Amino acid sequence: MKSSAFQYELPEDLSSALKLLNSNDLDILPLAGGQSLMPMMNFRVAQPDILIDLNKIDSLKNITIEGDYVRIGSMVRYCELEQSEIIQKHFPLIIHVIPYIAHSAIRNRGTLGGSVSLADPAAEMPSVLITLNASIELSSSNSTRSVNAEDFFKGIFETVRKSNELVTSINIPVSSMPKKFGFYEVTRRHGDYAIAGAVVTSDNGQDNFNDTRVVLFAVSTKPMRVPKSEAALNGNNFNNQDSINEAIDAVTGNSFERDLHNDETTKETLAKVSLKRAIGGLNG
Amino acid sequence: MTGPKFSFDKPGKYIGQPTERPDTRRLLKGRGKFVDDIQLPRMLHAAFLRSPVAHAKIKSIDTSIAENIKGVVKILKGTDFIGIVEPYVGVLSHLAGLRSAPQMPLAVDTVRWQGEPVVMVIANSRAIAEDAASEIILDLEDLPAATNTEKALDKDEPVIHSEFDSNLAWERTVDVGNVDEVYARDDVVTVEKQFLFGRHTGVTLEARATIANYDPSENQLDIYYSGQAPHMMQFIYAKHLDIPEENVRVTAHDVGGAFGIKVHTYGDEIATAAAAKLMERPIKFLADRYESFMSDIHARDHVINSKMTVSKDGKILALEYDDLTGIGPFSMYPRTSAIEANQVLNLTGGPYTIPNYRANAKVVFQNKNMMCQYRAVGHPIAMALCDGLLEEAAAAINLDSVELRKRNLIPDDTYPTTSTTGMKLDDLSHQKALSKLIEMMDYEKLKKENADLKKQGMYRGIGFCSMIEVTNPSPMFYGIGGAPIASQDGATIRLDAGGGIHVASSVTEQGQGTNAVLAQVAADVFGVDMDRVQVTTGDTKTTPYGGGTWASRGAGIGGEAVYLAAEALKDQVLDVAGVMLQSKPEDLNIDNGHVIDNLSKEKRMSLADLARTVYYRGNELPSDMSPELIATRHFRVTDTPFVFTNGAMAAHVELDIETGIVKILNFWAVEDCGRVINPMLVDEQIRGGVVQGIGHALYEECLYSDDGQLLNTTLADYLVPMATEMPEIHVGHIETPTKTSVLGAKGAGEAGTGGAPACIINAVNDILRPLGVTNYQIPMTPNRLLDTLRSAKI
Ligand SMILES: Cc1cc2nc3c(=O)[nH]c(=O)nc-3n(C[C@H](O)[C@H](O)[C@H](O)COP(=O)(O)OP(=O)(O)OC[C@H]3O[C@@H](n4cnc5c(N)ncnc54)[C@H](O)[C@@H]3O)c2cc1C
């Protein structure tokens, strides 16, 4: 299919982009890596009047250390994230997860900001960012605000971002890289969106779970943090099978969303398997 | 039977060799010529507005906004084609009782499936046509939709065609021996299973595509076609658009895959041709992936209740089943949608001696996309059904399933023979194939390994299938029933002035390497290097008349015609050479582009010299000699309805019992396609077919909502197998040439697709059965397997 006609803008700096976004009440969409937006436009699911291509805005493409956090510009591509020494040094969890996202051709174009803005419930990065206690920086032509990743995602393709705002950066406290992390996802084919997945982190150099985060993805309308599982683990030994079982059982009772191929029961089953295997694969 | 004229005991220079395809260089350099590469002057572009619902009355169609969009040239509705296109009905006289309603290219007053073309927009670009299509207002009055195959014949189900009393399109029963007598015995074991085969479709890299160009000054219609059967389409366009057949030219250049999807009559393509005639301008229509999912034919869709009875010492005594298959609202034209069910009835159990057999097939209409012939028509169903039951029966009498196969396969030394369902079988090698398979895979070692790993909590299984494949069909397949589908094909070979040859053949190329095979045969038999052979296929104007590609017949029938033509041309050339060289033709031969002395092998004259003399300097020849440097021969199979092939295949799989994910560890296929002309291409056919079969078993399914909405219309939702999930596919060959031709080549194109699903299904059930459960719902998705595993004893 061919996309419907649209006006194309290629601003060279952030303030022009924000101004364009603000200019009127037309349907305006920013274009990042285009890996999701271009097919949506060709299917005419998205029919923007104006497309604002962010690819020329250099200020959105950097990864920098600013005081006690790492700032990742929204236009940083997955492949750049993967090769960044800063990310390699501070956030091995991100490095570990990137190969699970799509295929390298898609990662060469797709951006972290695009993934966050899209808010696909099956995407990996939103859940990873929640475990890392990241915040999302949103800018409009007259203000800038920062929203905690946990509060940012609202539902399927839905975030707190307002239509006149851009995601400008993703900021992660350097201190929040957990000492231990585990990740597991179930896919039918290599590179597909997961049909269920789990990220587990624990901040402790010793033998017990501490400040644990458990986030499930691809099983509900948005990343699913499971406080009961976290509570079951906290303070217990990494090898304490009873507390691990309790954490896995605590997944039951949450509300699961079916997808085209998998019903709610399967989603719940796979969420538990993912969590079990993520815990089983805890590294560090 | 004709019988071999001479045997090909010695491998030829090309025949039997893994010769590279001459066209790959061109294709890899991006020089392929597909329909979308063709730009004609004054060409317009079409897009179709398709029905958004499964069943509705069309109350009105408002095109007023669309018409005024700049660049829109014409908007046509179903009613605009009345009187322009003669309606078509997908029935064949040899499928007694098959009924279907007349079809028009666009829905006229009722829409009967979601995706049915309703309005055609013709514009200066496809994008404008799509803009306009989205501005058309369809006023539809919803009708209840019949979408559930199992309910299609219920009294309170909506009847799709008011002229019929029910949604039944066709029914056939086969009853051989007496199954009831077997059931009455007390020394037998009966297993019973329900098989559910979901719908899937063939996903071609190049979607359907057509350019139609009409020249009123000569009443000439030219079609640029991405498909398999140019001459069939020539007939169809001529008949239904009322143009003399000779004034219709159908040309297929490169075709990016077809798999049987592109051998049918599609409303959008007929509408494109009719509109070109109406507007006297070229029109291009390319189906995109989205509309391909909604409008390319789907396949399978069977609900089968079945049972098999065996004696306790491992003899299959009886097979019985009822097959219910849904085909959408019409039987597809002209091949019909009853062939698959007919194939299931004919082929199930074909590899085995089964004395008692009772089967019924019912083909029903539904408000879903149409179902028709796709690669390996009926085979995957027939093979999965029989070999699935066989594995169940083996387990029930505690016998290794390979042993049960060995005890029941039709022995290699009993041919010719007839199958239970009356199929003539000859030149098959089931026993040899199974032995070779067992050896290749090291079955005993693998079984032990599986048992050891199970103790460590790993679940691995092995599944088998012994199969037959219908290839090289005779006129008994379609022609007998009145379809414009040739089973004979022809080849013309011409010696050119430069000493090279040109082959024109009526079989067609869709990427599988047919042209290479034709060139191999021509080069070898005539005596030139392959790089001196040019091949033309896919053109009704310049090739002999024939059927094109379907039912695995390119090498077996097209190759044989080339063989015969090359022999004939060689005789003609040697006659001329005899006169020019004052030798007896029988003392001469052709090799490497030269006429040579048969005994000394000495070069006597180049073919270029000979041809130039004939073409330019005829004065040097005796005046009573009229040399012919062109020969045409045709070939058809006469003594048997089909030339069957056979194979034995096995899969080794691992099931993650917590996630329901199946990983295929290894796959083996032993195939007997008679003479192998190009082992590399046969291996590719087998492997490609196996991959499609794996798709059917594990991934591919067209999912519908209860009200008939197709739910997956992208490659993100419709999963095809990808390279990363594919196992090593080991291919072994047995060559039992068919006696119906000199070359002895049978078909190889569909075996993998026909046999692989059974292997995967059986391998997964090999894991499930010891856990007290089985699953025969295909594809075997994680959701279904987890569901099954919930009642397993682990
Ligand atoms: C075959 C395939 C497989 C995939 N598999 C996975 C997978 O396994 N896991 C996964 O996470 N993803 C997967 N993806 C999605 C891919 O990673 C997404 O394309 C990516 O996450 C979105 O990034 P993008 O830069 O391409 O965004 P775009 O497609 O350009 O934009 C996506 C959306 O975000 C908006 N947007 C983009 N940038 C901003 C911004 N700075 N501020 C505000 N709004 C913005 C756009 O307007 C649009 O609505 C897959 C994609 C494909 C095609």
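Reader: What makes a residue pair a polar contact across the interface of chain B and chain A, and how many are there?

Author: The rule finds twelve such pairs there, with both residues at pLDDT 80 or more. They carry the name because a pair of N or O atoms sits within 3.5 Å, with one able to donate a hydrogen and the other to accept it; residues adjacent in sequence count only if both atoms are side-chain atoms. Bear in mind that this is a predicted model: local features need pLDDT of at least 70, side-chain atom pairs count only at pLDDT 80 or more, and totals for chains, interfaces and linings use all residues. Residues are numbered from 1 along each chain as its sequence is written, chains are lettered from A and ligands numbered from 1 in the order in which they are written, and side-chain values use heavy atoms, leaving out hydrogens and water.

Reader: Which elements of chain B give two or more residues to the side that touches chain A?

Author: Those are α3 (126-133), α16 (679-699) and α18 (782-789) of chain B, helices because DSSP gives runs of H or I at least four residues long, numbered from the N terminus. α3(B) gives the most, with four residues.

Reader: Why is the pair R277(A) and E658(B) called a salt bridge?

Author: Their side chains meet at 2.8 Å, N to O. The rule asks for a side-chain nitrogen of Lys or Arg within 4 Å of a carboxyl oxygen of Asp or Glu, so this Arg and Glu pair qualifies. The rule finds five salt bridges across the interface of chain B and chain A.

Reader: How many residues are in contact between chain B and chain A, and what area do they bury?

Author: 30 residues of chain B touch 24 residues of chain A, where contact means heavy atoms within 4.5 Å. The two chains bury about 2,400 Å² between them, 56% of it on carbon and sulfur atoms; that is the accessible area (1.4 Å probe) lost on putting the parts together, summed over both.

Reader: And how many salt bridges are there between domain 2 and domain 3 of chain B?

Author: Zero by the rule, though three residue pairs are in polar contact, both at pLDDT 80 or more. These two domains bury about 710 Å², 61% of it on carbon and sulfur atoms. Their bounds, from an automatic or database domain assignment, are 35-143 + 207-255 + 262-295 for domain 2 and 375-473 + 640-787 for domain 3.

Reader: What makes V167(A) a polar contact of the ligand?

Author: A polar backbone atom of V167(A) is 2.9 Å from a nitrogen atom of the ligand, so the pair falls inside the cut-off. A102(A) has a backbone N or O atom 3.2 Å from a ligand oxygen, and Y193(A) has a polar side-chain atom 3.2 Å from a ligand nitrogen.

Reader: What makes F157(A) stand out in its backbone?

Author: F157(A) has a positive phi of about 55° although it is not a glycine. Most residues other than glycine have a negative phi, and most peptide bonds are trans. F157(A) lies in the loop between β8 (153-155) and β9 (158-159) of chain A.

Reader: Where are the cis peptide bonds at P334(B) and P416(B)?

Author: The bond from Y333(B) to P334(B) has omega near -5°, and P334(B) is in the loop between β14 (316-326) and α8 (339-347) of chain B. Y415(B) and P416(B) are joined with omega about 0°, and P416(B) sits in the loop between α10 (401-408) and β16 (417-418) of chain B; strands are E runs of at least two residues.
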